[in-house]
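Reader: I am new to this structure and would be grateful for a close look at its sheet. Please describe the sheet with care, and then what surrounds it.

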Amino acid sequence: MRYRDDASLDSGGVQDRRGGGRRAVAVGGGGLGLVGVLVLVLLQVLGGTGDGGAPGAGSSSYVDGVGGAGRGGSTGAQELAASCRTGADANARTECALVADVESVQDYWAGVLGERYVPAETVFFSGATDTACGAASSGTGPFYCPADQLAYVDLSFFDELRTRFGAEGGAFVNAYVLAHEYGHHVQHLLGTTAAVRPGESGPDSGSVRLELQADCYAGTWASHATTVPDDSGAPLIAEITDDDVARALDTAGRIGDDFIQTQLGDGTADPGSYTHGTSEQRRLWFTTGYETGDPARCDTFAVDDLG
C-alpha cells in the first residue's frame, strides 16, 4: 500500500491521547495483555458492537469520568498535525498512515451516504483511556463506541497481530482494521446496530452478522480507496497491491472465532459462543465488499447462509 507522496493529510479526524489521559484498568480486563484475556479478545478484537465494545459498557461511573483528558487540541494532537502533513509522511510512519486511512475511509463514506454521514474521530491511546462505553485498555483491542461515536485504538495492537496472532501485517492490514471500525460507525448511523440485541452469540447471531457486515464494508472502502481524493482532488492512496489484499485476508483468517479458540484458546471451537464469525466467513465477506465495491451487497442480515 502506498500513499501519494505529495498528498495533503488532515489530522483533524484523530485525537492523540498517547502520553496523556486516564490510565485506568478496564473493567473485566484486569490490566492483562491481549493474550491474557482471550475471552475478551473473542468479544472485542476488531469489534465494538451494540454493547459498546469495551468492558463495562454502559457503566455510568465510567461515563461520568471521561472528562475530556487527552482529547483533540492536546499537545499530542498538535504534534501529530505537525508531523503528519503529507503522503510521504504516511509512507514513512505508521501513525501518519493511520491518519491518512481515517481521512480516506471517512471521505469514502461521506460520498456514499451524503448528509446521513456524521464524521467520527479515531482516538490513539497508549495503555488505557476513558470512553463513554467504559474504561478501555490495550487488551481490549480496537473498537468503536456508539455512545460517543469514537473509534479507539492502541497502536501496539498492530504489533500484537504479528507477534501473537501470526498475521503478516502491513499498512493495508492496519487500514483494514480501521475501516472495519468505521463500518461499525456506519451501522450505528443507519440504525443497524440498534436492531441487534446486545450480547447475542452463536454462528447465526446478530453479533456475528454485524461483524461480518463491518468486514464487508471495509472491503467496499478498499475497493474504492485508490480513487478517494484528498483536498487537491487527486487520490490520497496511490496503490493497493495484490499482496496487500492477501495480507488483509491472512489477518481476517486469524481473527475468526474458530481460529482464536482453537489456536489461542483451549484447542476446541464452541460455535455457540461465536460473536465475530469464522475465519472463512471473515475472509468471504471482506472479499465480497472488495470485489463488488457495493455496500448494498453487504447485507448479512438478508442471507440464511453466511458462508
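Author: In this predicted model, four strands form an open sheet in the order β2-β3-β7-β6, and their pairing is mixed. The edges are taken by β2 (14-16) and β6, each of which pairs on one side only. From one strand to the next, the twist averages 25°.

At one edge of the sheet, β6 and strand β7 (residues 150-154) pair in the antiparallel sense over three bridges. Within this pairing, Cys145 stands opposite Leu150 in β7. A helix also belongs to the picture: α7 packs on the sheet and touches β3 (122-125), β6 and β7, and the direction of α7 makes about 25° with that of β6.

Cys145 leads from the sheet to a disulfide. Cys133 and Cys145 are joined in this way, with their sulfur atoms 2.0 Å apart. The torsion about their S-S bond is about 95°, and the disulfide is therefore right-handed. The link connects distant parts of the chain: Cys133 lies in the loop between β4 (128-131) and β5 (134-137), whereas Cys145 lies in strand β6 (residues 143-145), 12 residues apart. Both of these cysteines, Cys133 and Cys145, are buried.

This bond belongs to a set, for the count comes to three disulfides. When bonded cysteines are counted along the chain, the disulfides follow the pattern 1-2, 3-4, 5-6.

Another of them joins Cys84 to Cys96, with an S to S distance of 2.0 Å. This link is left-handed, with -75° about the S-S bond. It, too, links distant parts of the chain, since Cys84 is in the loop between α3 (75-83) and α4 (87-92) and Cys96 is in helix α5, 12 residues apart. Cys84 and Cys96 are both buried.

There is also a disulfide between Cys216 and Cys298, whose sulfur atoms are 2.1 Å apart. The torsion about the S-S bond of Cys216 and Cys298 is about -70°, so this disulfide is left-handed. Here the chain positions are 82 residues apart, with Cys216 in helix α8 and Cys298 in the segment after α11. Cys216 and Cys298 are both buried as well.

The surroundings may now be completed with the nonpolar cores. In soluble globular proteins, nonpolar side chains tend to be buried together. In this model, the largest nonpolar core has 59 residues, and Leu161, Phe172 and Trp221 are those with the most contacts inside it. Two or more residues are given to this core by each of α5 (94-113), α6 (157-163), α7 (171-190), α8 (206-224), α9 (242-254) and α11 (279-292). The largest share, 10 residues, comes from α5. Helix α7 thus appears both among these contributors and as the helix that packs on the sheet.

Leu161 offers a closer view of this core. Leaving aside residues up to four places away in sequence, Leu161 touches Gly166, Ala167, Val173, Val177, Thr251 and Ile255.

A second core, separate from the largest, has nine residues, including Phe125, Ala136, Leu150 and Tyr152. This brings the description back to the sheet, where Leu150 in β7 stands opposite Cys145.

Note on methods: Residues are numbered from 1 along each chain as its sequence is written. This is a predicted model: local features need pLDDT of at least 70, side-chain atom pairs count only at pLDDT 80 or more; totals for chains, interfaces and linings use all residues. Side-chain values use heavy atoms; hydrogens and water are left out. A nonpolar core is a set of buried Ala, Val, Leu, Ile, Met, Phe, Trp, Tyr and Cys residues joined through side-chain atoms within 4.5 Å. Buried means under 20% relative accessible area, exposed over 50%, partly exposed in between (1.4 Å probe, protein chains only). Contact means heavy atoms within 4.5 Å. A disulfide is a pair of cysteine sulfur atoms within 2.5 Å. Two strands pair if DSSP finds at least two bridges between them. Axes are lines fitted to C-alpha atoms, for helices over the stretch in contact, and angles run from 0 to 180 degrees between N-to-C directions.
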